[in-house]
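Okay, thanks everyone, I'll keep this short. Let me put the structure up and then we can walk through it together.

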2 protein chains.
Amino acid sequence: VEAQDVSGISESIEGANEADVAALLDELDMEEALFVLRVLEREFAADVLIELDEEPQFKVVQEMESAELAALLDHMESDDAVDILNQLVVKDREEVISHIQEKEKSGYIQELLRYEEGSAGSLMAKEFIKANLNWTVVQTIEEIRRQAENVEKIYSIYVVDNKESLLGRVALKKIILSSADTKVKDIYEEDLISVPTYMDEEEIAEIMRRYDLEAVPVVNAKNKLVGRITVDDVLDVMREQAEEDMQAMSGISDDVEESDSVFRLTKARLPWLFIGIVGGLLGAKLIGGYNAGLSKYIQLASFIPLITATGGNVGIQSSSLVVQSLAAKSVFAESLGRRFAKVLMVAMLNGLVLGLVVFGTVVFIYNNEVKFGIVVGLALFCVVLLASFMGTVTPIVLDKFGVNPAMASGPFITTANDLLGLAVYFFVAMMLLNL
Amino acid sequence: VEAQDVSGISESIEGANEADVAALLDELDMEEALFVLRVLEREFAADVLIELDEEPQFKVVQEMESAELAALLDHMESDDAVDILNQLVVKDREEVISHIQEKEKSGYIQELLRYEEGSAGSLMAKEFIKANLNWTVVQTIEEIRRQAENVEKIYSIYVVDNKESLLGRVALKKIILSSADTKVKDIYEEDLISVPTYMDEEEIAEIMRRYDLEAVPVVNAKNKLVGRITVDDVLDVMREQAEEDMQAMSGISDDVEESDSVFRLTKARLPWLFIGIVGGLLGAKLIGGYNAGLSKYIQLASFIPLITATGGNVGIQSSSLVVQSLAAKSVFAESLGRRFAKVLMVAMLNGLVLGLVVFGTVVFIYNNEVKFGIVVGLALFCVVLLASFMGTVTPIVLDKFGVNPAMASGPFITTANDLLGLAVYFFVAMMLLNL
């Protein structure tokens, strides 16, 4: 690449998969990547551009001329073109769209740009095959031929009536196996799952997983067929969701990867660590308030980590269970009351077992007074109850406000639980030990 | 259902989707579910059985007669049949297989049962369409017609030579658009991604996501085409993987859900909580050893939660980043040395910022001695370094030993980090404060 050996590049790349070429370009700097993209055949360059990582893609897109970018968009399906355009400011976006040759495609793109990010409308492509109820198989094959270049993967043909309302689908297999003059209405299946344009992408992913779909049609409020979402987009949604959850749980802001720069990694990690530090400093203030009592009963200090760690562990377990059942969106959810009753039961059982074990160890193995064993055991029991409650309520509340509920398993809540646990521990100690 | 109203059930279920019916049966007890399955048409009952949740499916499968179960397996693709059979003990398995009518299917099933769980071999189905290189389009369509009932979803036709070696694929779209006497060898694509039988399911999921595949052919060591994996199976793998990771991070053993029984939930949660308790008790022992020093310098106790919490947060962040990059299996991984250098840099930066903030707060806001501020700030710096190192190394080591690396973000490592942090904190304090 450095020598800018044009024929060398195109030769070595010929026949390679676009995803592999993109992975290669991700490692180059922006000028080099741009140079390679310009050398490649346009249709292939368009495929490679789609597959680039977020950061290099953003940089390349910013740098390209409007006409040049538009020429690549001409070779993309509408949903991919929109993903690229969304990286430009509105003014540049209009400029690029005005350079797109195919009027049908620029119309599609303008329609898709209007949908909210993360909705079915923003995820769908306008390219798909539809057939009228009254067509014959031959007419349908003609339509497939006409659209063959625009629609890369067909799967099913969607069947609509004269008002463009979605009625059902015909598998490609059936088209092949039916005689030429068979009517579409005699071979189509009515049992069809579709999603509305406003549905959230995670819900769509769950529907496609549950019903084993490779593609799902999107309809507007009048049941008019307006687009199609394919499973490859949903695989990306699921992967992103899993990464987001893990980052929320581990307290990393931003979408960073291990391969990012030291500066970017530090910036993504510091904010949540900082919140932990503030929590720790507040905890220090709280414990400092009991210094007199602590001096009289120095063993109290020893069990601070036991209390805070257990609170943290219980809280994370509880919230993770809730996050999971929120993600699965189970149809037959138990009532809120029954769920809380169950959470309480589990917490009491866990708290009782752990509290007794700790009481026993503190008194019989560590040879402390019985009274002190009761303090630690009882405080632990209370902390388990409280942390279970917090861990259950927080993700539900976050979800209601549209925040990723996995945050509840992250450092913010853990920090809050630490403080709560400390307060309970010292309160119980002061009461029972008369400090 | 209670009234066992046969015609009522079949009527109300007619036309419903198998996944919805399965979700309904999941809520019934085993006898009721079994009753409904027996009332349904066999082909539909087979689809519903596949879609049942793990627990009800297991119970129903155990209860069915061998011949009855075999009759349902006759209507399943081989991979689904194997999933069902894997729930039986070997003896019952043989018995059921002997009742399967189609000899081809029972042969398929016996072959698939030999592959290790979680490998491509165990995930693939034997039902797919293949065409010889020298066939014409008409011959290929004949093959599709012959197999139409066995292969529910076709996507592509795989092209093999006379030795059954995989050469490429033809999209169904191309079959429709080509004339009847076109040879397969003139229209097939050679650029084809396949996976070996021994490849791990998570790696397959990542390949299918990366290359946007709806199905991938499986080959044996001699490149002979032996099966096909479809994307619906991979969606389940991804969902399971995300759930497993979250459970590993939150310290829940077993595959439990919020809707499980109180007893099951408690059993799944107690073991990790117990490990946390053991860690906490060891920590108490460790701190107890410094009681004399603590009495002289009571402020030391106040900052215990700050130290342990920060160690925990840093460790989880580090391990989550590693877990992510292990999952993505990036092709252009940086060298281990460079990665550690970067981890060290990020840790030093984070540690420096946090250490200084804490030093400042302890000295200027909480009005402690400068010497004591240095103790807390320096201990914090060391803990950040250590926790980063532990958080980076542990998932790599776990992965090497075939354990889910997400465990490294779970309670076991957090507990270990707590102890390590406490040891560092008291060591620094004893040195600098001459206690």
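Before I compare the copies, a word on how that's done: they're superposed by least squares on the C-alpha atoms of residues with pLDDT of at least 70 in both. And yes, keep in mind that this is a predicted model.

So, how does chain B sit relative to chain A? A turn of 180° with a shift of 0.0 Å along the axis lays chain B on chain A, and the RMSD is 0.2 Å. The two copies are therefore related as by a two-fold rotation axis. Both use the same surface, too: 100% of the contact residues of chain B recur in chain A.

Now zoom in on the sheet in chain A. It's an open one with three strands, ordered β1-β2-β3, and the pairing is mixed. β1 (130–132) and β3 (166–171) are at the edges with a single partner strand each, so one side of each has no neighbour in the sheet. On average, neighbouring strands are turned by 35° against each other, ignoring direction. In chain A, β2, residues 156–160, pairs with β3 in the antiparallel sense, over five bridges. If you want a spot to look at, find A:I157, which stands opposite A:V170 in β3(A).

Last stop, a helix pair across the chains. Helix α14 (201–210) of chain A and helix α15 (231–250) of chain B have axes that come within 9 Å and cross at roughly 125°. That angle is neither over 145 nor in the 65 to 115 range, so α14(A) and α15(B) count as oblique. Their crossing is left-handed.

Who makes the contact? From α14(A) it's A:E206, A:M208 and A:R209, and from α15(B) it's B:L235, B:D236 and B:R239. By class, that's two nonpolar, no polar and four charged residues.

How values were computed
Residues numbered from 1 in each chain as written. Chains lettered and ligands numbered in written order. Predicted model: local features only at pLDDT ≥ 70, side-chain atom pairs only at ≥ 80, totals over all residues. Heavy atoms only, no water. Contact = heavy atoms within 4.5 Å. Pairing = 2+ DSSP bridges. Helix = DSSP H or I, 4+ residues; strand = E, 2+ residues; numbered from the N terminus. Axes fitted to C-alpha atoms, helices over the stretch in contact; angles between N-to-C directions. Parallel < 35°, antiparallel > 145°, perpendicular 65-115°, else oblique. Left-handed = near helix turned anticlockwise from the far one by under 90°. Nonpolar A, V, L, I, M, F, W, Y, C, P; charged D, E, K, R; others polar.
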